[in-house]
Amino acid sequence: MDFLGFLNGSGLTQPAIWIAAAVACVILLRISNVFRYIPNNQVGIVEKLWAIKGSIEDGFIALNGEAGYEPEVLRGGLHVMFPFMYRIHRSDLVTVGQGKIAYVFARDGAPLEPSQVLGANDTEDKSDFQDARRFLLGGGQKGPQRKVLREGTYAINTTQFAIITDERVYGHALSERERGVLESMQLTITERWGFAPVVLAADHDLVGIVTVHDGPSLPPGEIIAPEVGIELRDAATFHNNFQEPEKFLHAGGYRGRQLQVIVEGTWYINRLFATVEAVPKTVIPVGNVGVVIFYTGPRTDDVSGEQYRHGELVLNGGRGVWKDPLLPGKYAFNTYAGKIEVIPTVNFILKWVRGEVGSMKLDENLSEISLITKDAFEPTLPLSVVMHIDYKKAPMIIQRFGDVKKLEQTLDPMVSAFFKNIAQKMTLIELLQNRAAIQEESARVMKAKFEGYSLDLQEVLIGTPRAAVNDHTIENILIQLRSRQIAREQIETYQEQEKAAVQERALNEAKATAAAQTALTQSLIQVKVNENEGAAALARAQKDAETRKVTAAAVGEQSRLEGQGEANRVLAVGTANAQATKLSVDAYGGPEYRLAEQNFAKFAEALTRINQPLVPQFLMSGGQGQEGNSAGLIPTAMLSSMFGQMMPGALEKLKDEAPKAARRTNGQ
């Protein structure tokens, strides 16, 4: 029994036919691509299998309904297609991560110009990678593009555009050869760190030197491309540090190493268009200046003057040695466009001493100067020269020497010759003894010579001449000189000790004087006080004497006047008394009697005024031979008798004197 008969016999013929028909329809629909579903995270690339217009004749994408890949893509969803005409290829959406850069490779488009490296994207049509038709009709070029994709998700026809990211290459229907090319491009970009932006951190003090790989070549004789498109206000040409290649080229930029550099920041630069080399910034320390030797720029006139022919000195920015040096600081200088020679402006020392090198190593090839003295000694002379370079003259130093480290090549012969000439005129001892004079003369002479080289000599310092190894002649002479000096010093020491002894004695006297100064001062003060008191007393005595003298004169004059009056009175009284007495005497019988009467009257009056007895009651007398009584008593009667006997004589004498007294009285 055949199979159909079996089915018919079993009653299953009709359903099986329907199932088979359904399966056949499904297979037919699947093969015919009438219905296609595209997930939302993918796009559908349409391939037209046949067309009335036939296949495309030029290019890779069918723009006019020809058979081939269509420029448009299908987005997510269910799509109904004409059966057996289209094949749909699903491709993932292109995703570019945060802070990443993706590169575009166009498989179809206009060919590149002979001088082009990358496809131009100078119009909106040429830069629209999500619309392949617009790109191709707008004149977009095949090959790697100048424009890059920043972070985001893009619905791109990966048959027309291959997108290269750091993780994968988005592309459809790529041959093994094309895939190898794209992978090689990916490796190149990776080596240039091209999938990440250029980041120059502020704490690294780096500057980016840019080399452009696309655009017209430099004119003959130029090695650095000039700066273009740096004006922010010119939107058509401001390329914002090479992030917009089309504006850079529109501004007239050339390929090659650029004069313009990039500084701190984040820059999204197409590394197929331009590469960046990070180099340290140029730092000019304090106490130095930087002389710029520029290899590019316009050719300008020499400003160094007609008398200076050691090279061209140009204005800053020109080709040559810049007239104005760079002051201390940090500079984003393009080290490929020029060179900066750091010149010290502080005092520095060149040492003619073997093995001693300064911080700038300008004297690393210098050694002691070999001399020959007048007395045929051959010492070597260590020497140091303190120098200074005026910062305004620093460019002239570079013009003359080319490098500040080449100073020694000129200065060494000049300085050596000067001291050799000096040594030939002196003996060794004179050379040693006249060191100060030689140093002063060398400073004066060499200062003028250094000025001829635009150098400022500050000071010349001469060391002690030295002998060659195993030569003790100079040492012996120095020993003799030291012995002489020691003897002289001893003499001076003794003299100073003598002076010290004298000074010590004077010091001791001064100390003693100082110790007694208080008492001496007190005594001097007391002497002064006594002198002042004596002077005061003398003044008072003189004043009193004058007072007494005046008083005495007044008293004397008063006494004289009073005496004169009294005399006149007495004279008058006496005259009157004399007349009265004369009359009385005449009345008594004569002047003798009257005088006696007056005397007795006055004697009696005197006796009445005396309290003592006129005649002692007892009279003491001593005698020998009297025992028990050393004195005797004279009776009063005896004294009365004695007085009575004496009276007649007294009376007689009174009589004689009375007339004389009267005459004296009358004569006054």
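The legends below go with several close-up views of this predicted model. Residues are numbered from 1 along each chain as its sequence is written, and side-chain values use heavy atoms, with hydrogens and water left out. Since this is a predicted model, local features need pLDDT of at least 70 and side-chain atom pairs count only at pLDDT 80 or more, while totals for chains, interfaces and linings use all residues.

**View 1. The whole chain has 13 helices and 27 strands.** Helices (H or I, at least four residues) and strands (E, at least two) are DSSP runs, numbered from the N terminus. Of the 668 residues, 34% count as buried; buried means under 20% relative accessible area, exposed over 50%, and partly exposed in between, with a 1.4 Å probe and protein chains only. Take the contacts (heavy atoms within 4.5 Å) with a separation of 6 or more: residues 24 or more positions apart account for 71% of them.

**View 2. The largest nonpolar core holds 40 residues.** A nonpolar core is a set of buried Ala, Val, Leu, Ile, Met, Phe, Trp, Tyr and Cys residues joined through side-chain atoms within 4.5 Å. Leu383, Met387, Phe419 and Phe450 touch the most other members. Two or more residues come from each of β18 (288–294), β23 (348–352), β26 (383–388), α6 (394–401), α7 (407–424), α9 (435–451) and β27 (456–462). The biggest giver is α7, with eight residues. Domain 2 (283–344) and domain 3 (349–470) both chip in, so the core lies between them; the domain bounds come from an automatic or database domain assignment. Zoom in on Leu383 and, leaving out residues up to four places away in sequence, its contacts include Leu350, Trp352, Ile369, Phe419 and Val460. Another core lies apart from this one, with 28 residues, among them Ala162, Leu182, Val198 and Phe242.

**View 3. Strand β12 (198–200) carries Leu200.** Leu200 counts as buried because its relative accessibility is 5%. Gly265 is 65 residues away from Leu200 in sequence, yet their C-alpha atoms are 5.3 Å apart. Not counting neighbours within four places in sequence, Leu200 is also in contact with others, including Leu206, Val207, Ile262 and Ala278.

**View 4. Two residues that aren't glycine have a positive phi: Trp193 and Asp205.** Most residues other than glycine have a negative phi. Trp193 has a phi of about 55° and is found in the loop between α4 (176–191) and β12. At 69% relative accessibility, Trp193 counts as exposed. Asp205 has a phi near 50° and lies in the loop between β12 and β13 (206–212). Its relative accessibility is 23%, so Asp205 counts as partly exposed.

**View 5. Three strands make an open antiparallel sheet, in the order β3-β2-β5.** Two strands pair if DSSP finds at least two bridges between them. The edges are β3 (68–74) and β5 (86–92); each has a single partner strand, so one side of each is left without a neighbour in the sheet. From one strand to the next, the twist averages 30°, using axes that are lines fitted to C-alpha atoms and angles that run from 0 to 180 degrees between N-to-C directions. Seven bridges join β2 (residues 42–48) to β5, and Val46 has Ile88 in β5 as its bridge partner.

**View 6. Helix α10 (residues 473–515) has 43 residues.** At 1.5 Å a residue, α10 should span 63 Å, which agrees with the 61 Å between its end C-alpha atoms; the expected span is 1.5 Å times one less than the number of residues. Ile474, Ile477 and Leu481 are buried in α10. What covers the buried residues of α10 includes α8 (428–433).
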